[in-house]
Amino acid sequence: MIKKALTIAGSDSGGGAGIQADLKTFQELEVFGMSALTAVTAQNTLGVHGVYPMTAEAVAKQIQAIGDDIGADALKTGMLFNAEIIQVVAENLQKFAWENVVVDPVMIAKGGAPLLLEEAVTALKKYLLPLAKVITPNIPEAEVLTGLVIRTIEDKKDAAKSLFNLGVKNIVIKGGHDDDTSESADLFFDGKEFYTFTSKRIPTKNTHGTGCTFSAALTAELAKGATVYDAVVTAKDFIQAAIEDQLEIGQGHGPTNHWAYRKRELARK
Ligand SMILES: Nc1ncnc2c1ncn2[C@@H]1O[C@H](COP(=O)(O)OP(=O)(O)O)[C@@H](O)[C@H]1O
Ligand SMILES: Cc1ncc(COP(=O)(O)O)c(N)n1
């Protein structure tokens with residue numbers, strides 16, 4: 001049986017983040033990818049040049065079209081932009097009783113453009129987080145969601161506990177924005193134990209879409225039946241390969257290499 005994964009996210013015209021990163025990652029991990037578009041962004045490696053949200057109705061219709069016919073073994077949310085979109089997404093996740101829900105609480109693009117309105121953070125916490133099996137904030141996102149300042153590993157653990165108390169079952173606080181220059185450490189909390197997944201930090205400016213790609217790989221693995229722990233292990237491995245095997249695309253913060261993981265796996269055989 002072919003496994004199916006859905007991304008509810010924004011379009012990145014530059015192809016490195018958003019639904020483009022998600023669908024590429026789903027394909028690489030051999031799950032059938034589907035999308036419900038929340039917004040179109042005019043974006044390239046230099047930044048975000050325009051944001052055009054869909055209506056909440058258009059978002060709801062896309063999700064319903066998938067739910068009524070095809071179904072999804074797992075899904076992720078990315079850029080949701082406003083509270084109305086968040087609300088219809090939450091309503092429809094409940095309607096179809098989807099359980100493998102990964103929330104990547106995308107807030108700000110690497111160049112500083114807002115991808116979630118400030119007033120929508122409350123809706124995200126109230127409606128969507130209680131439906132999430134996994135949430136994957138970066139450090140600034142975890143700070144906004146918890147109101148905590150995150151500097152140390154203990155701060156990361158406190159933030160993870162605070163997110164758990166908002167109803168999320170599993171939390172991954174990503175370390176890409178850490179001050180550590182030698183390693184990038186992601187903290188995983190399943191409500192009982194803390195685990196740290198550490199990799200060598202690659203010195204590069206080409207990290208556009210790393211968060212999207214990481215959460216898409218996690219979603220693909222959940223769709224195939226992996227445990228959350230195993231899905232995090234594969235997602236970390238996938239993003240490390242994608243950052244390491246660099247592409248030189250565009251003049252600014254370039255995308256990662258979505259086929260690097262498969263290329264490496266093939267070379268090992
Ligand atoms: N320079 C880097 N070298 C290795 N891993 C990185 C690097 N930057 C980010 N990562 C990894 O990429 C994933 C996304 O992290 P992060 O950049 O924090 O997310 P976001 O894109 O949401 O800001 C995490 O697994 C993180 O550890
Ligand atoms: C449409 C869209 N969605 C998400 C991101 C975040 O990207 P990143 O993974 O680099 O934080 C983005 N830049 N554009």
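Two strands are taken as paired here if DSSP finds at least two bridges between them. With that in hand, a good place to start in this predicted model is strand E1, which covers residues 4–12. E1 runs parallel to strand E2 (residues 32–44), and the two are joined over 9 bridges. One concrete match-up is Ala5, whose bridge partner in E2 is Gly33. The link between these strands goes through helix H1 (residues 18–28), and E1, H1 and E2 together form a β-α-β unit of the right-handed kind.

E1 also pairs with strand E4 (residues 74–77), again in the parallel sense, this time over 4 bridges. Here Ile8 sits opposite Thr77 of E4. As for burial, 8 of the 9 residues of E1 are buried, so the strand is largely enclosed by the rest of the structure.

Next comes helix H3, which spans residues 83–95. Its 13 residues reach 18 Å from the first C-alpha to the last, close to the 18 Å expected at 1.5 Å a residue. The buried positions of H3 are Ile85, Ile86, Val88, Val89, Ala90, Asn92 and Leu93. Just past the end of H3, Ala97 adopts a positive phi of about 50 degrees.

Then there is the ligand. Ligand 1 has 19 residues around it, and the closest of them are Asn138, Lys174, Gly176, Ser184 and Gly211. By residue class, the shell splits into 11 polar, 4 charged and 4 nonpolar members. Three elements each put at least two residues into this shell: strand E8 (183–189), helix H7 (210–223) and helix H8 (228–244). The largest share comes from H8, with 4 residues.

The loop between H7 and H8 holds Lys224. Lys224 has 17 other C-beta atoms within 10 Å; a buried residue would need 20 or more and an exposed one 12 or fewer, so Lys224 comes out as partly exposed. Despite a gap of 223 residues along the chain, the C-alpha atoms of Lys224 and Met1 are separated by 9.8 Å. Once neighbours within four places in sequence are set aside, the contacts of Lys224 are with Lys3 and Val31.

Terms used. Residues are numbered from 1 along each chain as its sequence is written. Chains are lettered from A and ligands numbered from 1 in the order in which they are written. This is a predicted model: local features need pLDDT of at least 70, side-chain atom pairs count only at pLDDT 80 or more; totals for chains, interfaces and linings use all residues. A residue is near a molecule or strand if its C-beta atom, placed from the backbone, lies within 6 Å of it. Ala, Val, Leu, Ile, Met, Phe, Trp, Tyr, Cys and Pro count as nonpolar, Asp, Glu, Lys and Arg as charged, and the others, Gly among them, as polar. Two residues are in contact if their C-beta atoms, placed from the backbone, lie within 7 Å. The expected span of a helix is 1.5 Å times one less than its number of residues. A crossover is right-handed if, with the strands pointing away from the viewer, the path from the first strand over the helix to the second runs clockwise.
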